[in-house]
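Trainee: I would like to learn how to read a pair of packed helices. Could you take me through an example?

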Amino acid sequence: MSTEDLVDSESVVVDCDLDAPPEKVWRALTQPELMAAWLAEGDIKPQVGHRFELTSEIGPVECEVLTADPKRELRLSWRERDEAGELVDSEVTFVLTPTIDGGTRLRLVHDGFMHAGFLVMAIGRIVPRKPVRRLEWVLAWAA
Amino acid sequence: MTAEADLFRTLADPTRRAVFERLGEGEMTVSDLRQGFSVSQPAISQHLAALKAAGLVSERRAGRNAFYRLRPEGLTPLAGWVDRYRAFWPERIGKLKDLLKDMDQ
């Protein structure tokens with residue numbers, strides 16, 4: 001099995017269809033008052049290099065905008081602290097694709113601290129825990 | 001330092017991660033491991049020491065040779081991180097869908 005296969009099928013990925021055009025989804029992702037309603041409070045701006053802090057229930061997350069391609073791709077660095085105050089760095093990417101029925105296909109990928117495919121491969125294949133079912137990793141959500 | 005942050009830091013180095021991945025093939029000596037890497041043997045040894053300190057690799061000595069192998073259980077804390085976000089993101093996407101319904105065009 002190639003590494004590419006693993007990245008595509010076994011990352012920390014959410015694929016879903018949204019019943020709204022990319023323009024509207026983009027606003028929900030990049031306007032602070034809208035983002036607060038679904039993700040967390042924070043002074044986000046779709047501007048590369050902009051830094052802000054998210055106040056979420058998983059604790060404060062320091063973010064920086066790495067990519068802001070309107071209506072197409074938003075990529076954020078995602079830096080959190082664990083229970084002991086140690087920094088853990090990762091990245092979250094939102095990719096928006098218009099669908100033929102006027103909606104949006106959203107792909108969310110959370111990785112970056114290392115190759116996500118590697119991480120999941122390592123956990124799934126090496127760590128003795130219950131077998132990982134592929135479908136568990138790609139959570140398709142009916143619109 | 002917590003196990004989780006320690007592991008993230010240890011595996012953030014691409015060469016070290018490649019060494020770790022290579023050990024997935026089985027137990028090896030440093031010179032076995034060095035094949036296919038363009039870095040020096042002392043550099044490989046340093047990566048092995050870091051992996052050992054993080055609990056990801058164990059060392060067995062036999063005569064003058066040292067053999068290295070993966071400690072799969074060393075990765076367990078990372079599974080917790082993945083599980084957390086596997087629960088977090090779908091729940092948030094559910095809220096995003098609710099928001100999109102309520103938003104004006």
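Trainee: Which hand does the crossing of H2(A) and H5(B) have?

Mentor: The crossing of H2(A) and H5(B) is right-handed. Keep in mind that this is a predicted model.

Trainee: And how do I describe the geometry of such a pair?

Mentor: In general, two packed helices are described by the angle between their axes and the distance between the axes. Here, the axes of H2(A), residues 22-30 of chain A, and H5(B) cross at roughly 120° and come within 11 Å.

Trainee: Which residues make the contact?

Mentor: H2(A) brings A:Lys24, A:Val25 and A:Ala28, while H5(B) brings B:Leu96, B:Leu99 and B:Leu100. Sorted by character, the contact has five nonpolar residues, one charged and no polar.

Trainee: Which residues of H5(B) are buried?

Mentor: A useful idea first: an α-helix has 3.6 residues a turn, so residues three or four places apart point the same way. In H5(B), the buried residues are B:Leu78, B:Trp81, B:Val82, B:Trp89, B:Leu96 and B:Leu100.

Trainee: What span should H5(B) have?

Mentor: Helix H5 of chain B holds 27 residues, 76-102, and at 1.5 Å a residue these should span 39 Å. Its end C-alpha atoms lie 41 Å apart, which agrees.

Trainee: Let's try a single residue. Is B:His47 buried or exposed?

Mentor: B:His47, found in helix H4 (residues 41-53) of chain B, is buried because 23 other C-beta atoms lie within 10 Å, and 20 or more are needed. Beyond its neighbours within four places in sequence, B:His47 is in contact with B:Thr15, B:Arg16 and B:Val19. The C-alpha atoms of B:His47 and B:Val19 are separated by 7.6 Å, with the two residues 28 apart along the chain.

Notes. Residues are numbered from 1 along each chain as its sequence is written. Chains are lettered from A and ligands numbered from 1 in the order in which they are written. This is a predicted model: local features need pLDDT of at least 70, side-chain atom pairs count only at pLDDT 80 or more; totals for chains, interfaces and linings use all residues. Helices (H or I, at least four residues) and strands (E, at least two) are DSSP runs, numbered from the N terminus. The expected span of a helix is 1.5 Å times one less than its number of residues. A residue is buried if 20 or more other C-beta atoms lie within 10 Å of its own, exposed if 12 or fewer, and partly exposed in between; C-beta atoms are placed from the backbone. Axes are lines fitted to C-alpha atoms, for helices over the stretch in contact, and angles run from 0 to 180 degrees between N-to-C directions. A crossing is left-handed if the near helix is turned anticlockwise from the far one by less than a right angle, and right-handed if clockwise. Two residues are in contact if their C-beta atoms, placed from the backbone, lie within 7 Å. Ala, Val, Leu, Ile, Met, Phe, Trp, Tyr, Cys and Pro count as nonpolar, Asp, Glu, Lys and Arg as charged, and the others, Gly among them, as polar.
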